[in-house]
Amino acid sequence: MRNYILLLFCCGWSALAFAQQPAQYSLYQFNRFAFNPAYAGMDNSLSVTGVFRKQWVDLAGSPTSQHLNVHAPLPFLSSGFGLSFQNDELGPTQYQSFQLAYNYRLPIGRAGTLSIGASGVWRQSGLDGSVIRTPDGNYTDNNFPVHNDDLLPTDLVSSSAIDATAGIYYQSKVFEVGFSAINLLNQPIEFATLSVQPERAYFFVAGANFDIGRTWSLHPTVLVKSDVIQTQTDISVLLRYDDNISVGGSFRGYDSNSIDAAAILGGVRINEKIRLYYSYDVPLSALNTVHSGSHEILLNYNLNKDFGKGVPPPVIYSPRNL
């Protein structure tokens, strides 16, 4: 059980207050709506994405995350909408969130689109006090744990709060860039003796698409996450063949004190509407002595039906049909 105490310490928890941090994903470049509501509908088709991530395999109580979202354009309103659900488990803690997003899109030039979006967020956090172990606790009776700490619960407690996210996204055929902010309201989730204080965080993403001949294409992407105090950068490069097979890699960290992992990425188009991606994170941080890496799987369904460019066509009236 000491691993639970280690995990809580590493993730910034304390006896008086603890912060819920955004989930970590290596396949972020295929799931940009997950952290930016302005991306809703930018595929110009109905898109459904599901992600499962098991982080730090072999470390007891390590993070497990699931994410599911659906988004689509609304051409007649020059906008897009989306729904998403997130579930995270970390040792004795659980976290769920549900988001409803909407954006407005403007054409920029001949091939560019600028989107401005926001989402309302309902989140819930839970803490299972029955699996916590403290140095001064008494656990001879597993049914009645005694932590000898009045701030820690002895069973499962949960609470919820409302928050908001906002973002902006620009997309063209060759280049795209986005910026978003989460936990804008900083609404704490209050328990009887503890409170969860979600920290405001900022996401910046930029990517490019380069054709190499008729069948190959190159896709570099960078994601920067920051709460102003700490910053983490993901850099990835993906090589795609004939829009069917993708291989690449990424690196997470920015200096010797924050290097986290290098990831191997791969994907395949199963059919015209379904794509499957997988990543394996090779640990590079000090935790590499207690775990064997992280696994992530992403499945995307795209209706592959053009919903339009976001601007409705002009209405032409015929004098022969009144």
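# Exercises on a predicted model

The largest cavity in this predicted model has a lining of 31 residues, and those nearest its centre are P22, A23, A34, F35 and I182.

## Exercise 1. The largest cavity

Task: state the volume of the largest cavity, find which strands each supply at least two residues of its lining, and divide the lining by residue class.

Solution.

Step 1. The volume of the largest cavity is about 450 Å³.

Step 2. Four strands each supply at least two lining residues: strand 3 (79-90), strand 4 (93-108), strand 5 (112-128) and strand 12 (216-226). Strand 4 gives the most, with 4 residues.

Step 3. By class, 15 residues of this lining are nonpolar, 13 are polar and 3 are charged.

## Exercise 2. The second largest cavity

Task: which residues line the second largest cavity, and how do they divide into nonpolar, polar and charged?

Solution.

Step 1. With a cut-off of 30 Å³ or more, the count comes to 2 cavities. The second largest has a volume of about 40 Å³.

Step 2. Its lining consists of R53, W56, R252, D260, A261, D281, P283, H291 and S294.

Step 3. The lining of the second largest cavity has 3 nonpolar, 2 polar and 4 charged residues. The charged residues are R53, R252, D260 and D281.

## Exercise 3. The chain as a whole

Task: describe the chain by its helix and strands, its buried residues, its contacts and its accessible surface.

Solution.

Step 1. The chain has 1 helix and 17 strands.

Step 2. Of the 322 residues, 46% are buried.

Step 3. Take the contacts between residues at least 6 apart in sequence: 55% of them join residues at least 24 apart.

Step 4. The accessible surface comes to about 16,700 Å², and carbon and sulfur atoms account for 62% of that.

## Exercise 4. Two residues of strand 4

Task: for N103 and then Q96, decide whether the residue is buried or exposed, and list the polar contacts of the side chain.

Solution for N103.

Step 1. N103 is placed in strand 4. Its relative accessibility is 0%, so N103 counts as buried, the cut-off being under 20%.

Step 2. The side chain of N103 has a polar atom 3.3 Å from the backbone oxygen of P37. The N103 side chain also reaches the backbone oxygen of A40, at 2.8 Å.

Step 3. Leaving out residues up to four places away in sequence, N103 touches P37, A38, Y39, A40, S79, G80, S115, I116 and G117.

Solution for Q96.

Step 1. Q96 lies in strand 4 and, at 16% relative accessibility, counts as buried.

Step 2. The side chains of Q96 and N87 are joined by a polar contact of 2.9 Å. Beyond four places in sequence, Q96 is in contact with F85, Q86, N87, W122, R123 and Q124.

Step 3. Q96 and G126 are 30 residues apart in sequence, with a C-alpha to C-alpha separation of 8.8 Å.

## Exercise 5. A lysine and a serine in strands

Task: is K225 buried or exposed, and which side chain does its own side chain contact? Then place S195 and give its C-alpha separation from S125.

Solution.

Step 1. K225 is in strand 12. K225 counts as buried because its relative accessibility is 14%.

Step 2. The K225 side chain makes a polar contact of 3.5 Å with the side chain of D234. D234 is also one of the residues that K225 touches, along with Q24, Y202, F203, Q230, T231 and Q232, when residues up to four places away in sequence are not counted.

Step 3. S195 belongs to strand 9 (residues 195-196) and is buried, with a relative accessible area of 17%. Its C-alpha atom is 9.6 Å from that of S125, a residue 70 places away along the chain.

## Exercise 6. Positive phi

Task: what are the phi values of N183 and D243, and is each residue buried or partly exposed?

Solution.

Step 1. Most residues other than glycine have a negative phi.

Step 2. N183 has a positive phi of about 55°. N183 sits in the loop between strand 7 (175-182) and strand 8 (189-190), and is buried at a relative accessible area of 3%.

Step 3. The phi of D243 is also positive, near 60°. D243 occupies the loop between strand 13 (231-241) and strand 14 (245-252). With a relative accessible area of 33%, D243 is partly exposed.

How values were computed: Residues numbered from 1 in each chain as written. Predicted model: local features only at pLDDT ≥ 70, side-chain atom pairs only at ≥ 80, totals over all residues. Heavy atoms only, no water. Buried < 20%, exposed > 50% of the residue type's maximum accessible area, 1.4 Å probe, protein only. Contact = heavy atoms within 4.5 Å. Areas by Shrake-Rupley, 256 points an atom, 1.4 Å probe, with all protein chains shown as cover. 1 Å grid on protein atoms, 1.4 Å probe; cavity = no way out; pocket = protein on both sides within 12 Å on 5 of 7 lines; lining within 4 Å. Points joined across faces, edges and corners; volume = space filled by probe spheres on them. Polar contact = N/O pair within 3.5 Å; in protein donor to acceptor, adjacent residues only side chain to side chain.
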